[in-house]
Amino acid sequence: MTVPAVLPHDAAAAPAHTQVLVVGGGTAALEVVMALHERAAGEVRVTLLAPDPHFRYRPLAAYAGLVPDTRQTVAVPPLAAEWGASVVGDRLASVDLDRRVATTTHGGRIAYEALVVASGAAPEAAVPGAVTLGAPHDEPAFAALVARVRAGQATRLAVVVPPGVAWTLPAYEVALLLAHAAPPETTLVTVLTAEDAPLQAFGDAAGDAVRSLLRRRGVELRTSCPPETVAGGTLPVPLGDPVPLDAVVALARPQGPAIPGLPHDRAGFVPVDVRGRIVGEDDAWAVGDVTDRPVKQGGLAVQQADVAAADVLRHLGLQDGETAPARPVVRAALLDGQGTLYLRAEHGDDGWATVVSREPLWWPPTKIAGGRLAAYLAARETALVD
Ligand SMILES: Cc1cc2nc3c(=O)[nH]c(=O)nc-3n(C[C@H](O)[C@H](O)[C@H](O)COP(=O)(O)OP(=O)(O)OC[C@H]3O[C@@H](n4cnc5c(N)ncnc54)[C@H](O)[C@@H]3O)c2cc1C
């Protein structure tokens, strides 16, 4: 099959008949495409509306300079073609849910029978003056910071978890990676988190494991700290003068896109039920970071994508029975510069059941765990290395 290297830039390229329109080009959208294909190949016509011709593996892209380049930038058109979807290279501008028509920013209109929105969240800066981790506009500043840390020119660093962020692992990860990258015995990294304990959303065992790792690596931890603590670029010291900081890195506060025509909460996120169906709608779903689920995590997005794809097929009459909602399992792979700490947490009737291990707890042992995309990327990486 011949696949265009560059995506067509208008929705006139949309196939005449789209059954399922999947919006987005990230983990959640690609997983939906793959799940639809695996469950109903040849029976369902899928169109992917994605503005960027490349998929970037966000958890590793954010740590450029600190982790090896794993070449996990993947061209979307061949991947979509392999998994049975047509691609339109444009951006969703608005939706008419009653008429089942999506409009793109270039003025294209795509009629659909079922809509799955997976357009992610925007990484909003939450701490003035800080470098926002994972925000595209701060990538050059982060790269410059990494160079200074490696050269021993930035030795007092703070990493901040602002309130309202539930997926906090990247803060502990970047603190450990920066501490590891610095020349020995030169640098003090302090994590200041609004949480009462590290990884607070996943129970005590996960928090204890991270706390103990930070202690062993000499990373200081201050909990229940508001971001204003580092305002002015200084770190307060009890009974002492504040210590000037060379740099502050902060997690982004996710912001929803508030796409016209879609229901959304005050932060712009789309409200969904346990099957990913947009609340109050019969033929529209949303998955991943764009939804009102508090924990914005790729592994959870993959689980949501699988359930939503099954529910879409059931809605189209291509799958029988009720769609069973998934019981979410959090899988976290924490890179610390020397290896990986794997955490698996599942919430049951008796609270959190957590496993912590230096050996992989899932396979392939990717940062975004589970699903078809992880297996696809792992196989592709092996092929590239061979
Ligand atoms: C530093 C960092 C570390 C992380 N570590 C982990 C980890 O260890 N494990 C883990 O599971 N998760 C991790 N995550 C979170 C994970 O990256 C996200 O939860 C995941 O990428 C969400 O996938 P998504 O597809 O919902 O959104 P995104 O990945 O944001 O993708 C959204 C897609 O939609 C497209 N889009 C945007 N607007 C529109 C529009 N209007 N129309 C059409 N398309 C649009 C975008 O171009 C993009 O392709 C980490 C994130 C960061 C920043």
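Colleague: What makes the residues of H5 that are listed as buried count as such?

Modeller: A residue is called buried if 20 or more other C-beta atoms lie within 10 Å of its own, exposed if 12 or fewer, and partly exposed in between, with C-beta atoms placed from the backbone. Leu-169, Pro-170, Ala-171, Tyr-172, Glu-173, Val-174, Ala-175, Leu-176, Leu-177, Leu-178 and Ala-179 of H5 are buried. Helix H5 is therefore described as mostly covered, with eleven of its 13 residues buried. This is a predicted model, in which local features need pLDDT of at least 70 and side-chain atom pairs count only at pLDDT 80 or more, while totals for chains, interfaces and linings use all residues. Residues are numbered from 1 along each chain as its sequence is written.

Colleague: Why is H5 said to agree with its expected span?

Modeller: Helices (H or I, at least four residues) and strands (E, at least two) are DSSP runs, numbered from the N terminus. The expected span of a helix is 1.5 Å times one less than its number of residues. For the 13 residues of H5 that gives 18 Å, and the end C-alpha atoms are 18 Å apart, so the two agree.

Colleague: Why is Glu-185 called exposed?

Modeller: Glu-185 has 6 other C-beta atoms within 10 Å, and therefore counts as exposed. Glu-185 lies in the loop between H5 and strand E13 (188–193). Its phi is near 65°, a positive value in a residue other than glycine. Most residues other than glycine have a negative phi.

Colleague: Why does Ser-224 count as exposed?

Modeller: Ser-224 has 11 C-beta neighbours inside 10 Å, so it is classed as exposed. Ser-224 sits in the loop between strand E14 (220–222) and strand E15 (234–235), and its phi, near 55°, is positive although the residue is not glycine.

Colleague: What makes E20 and strand E21 (residues 340–348) a pair?

Modeller: Two strands pair if DSSP finds at least two bridges between them. E20 and E21 are joined by seven bridges in the antiparallel sense, so the criterion is met. One bridge partner in E21 is Ala-345, opposite Val-330. In the hairpin of these strands, with four residues between them, Gly-337 takes a positive phi near 95°.

Colleague: How do you know that strand E20 (residues 329–335) is mostly covered?

Modeller: Six of the seven residues of E20 are buried.

Colleague: What makes the peptide bond from Trp-363 to Pro-364 cis?

Modeller: The bond from Trp-363 to Pro-364 has omega near -5° and is cis. Pro-364 is in the loop between strand E22 (351–357) and helix H8 (371–385).
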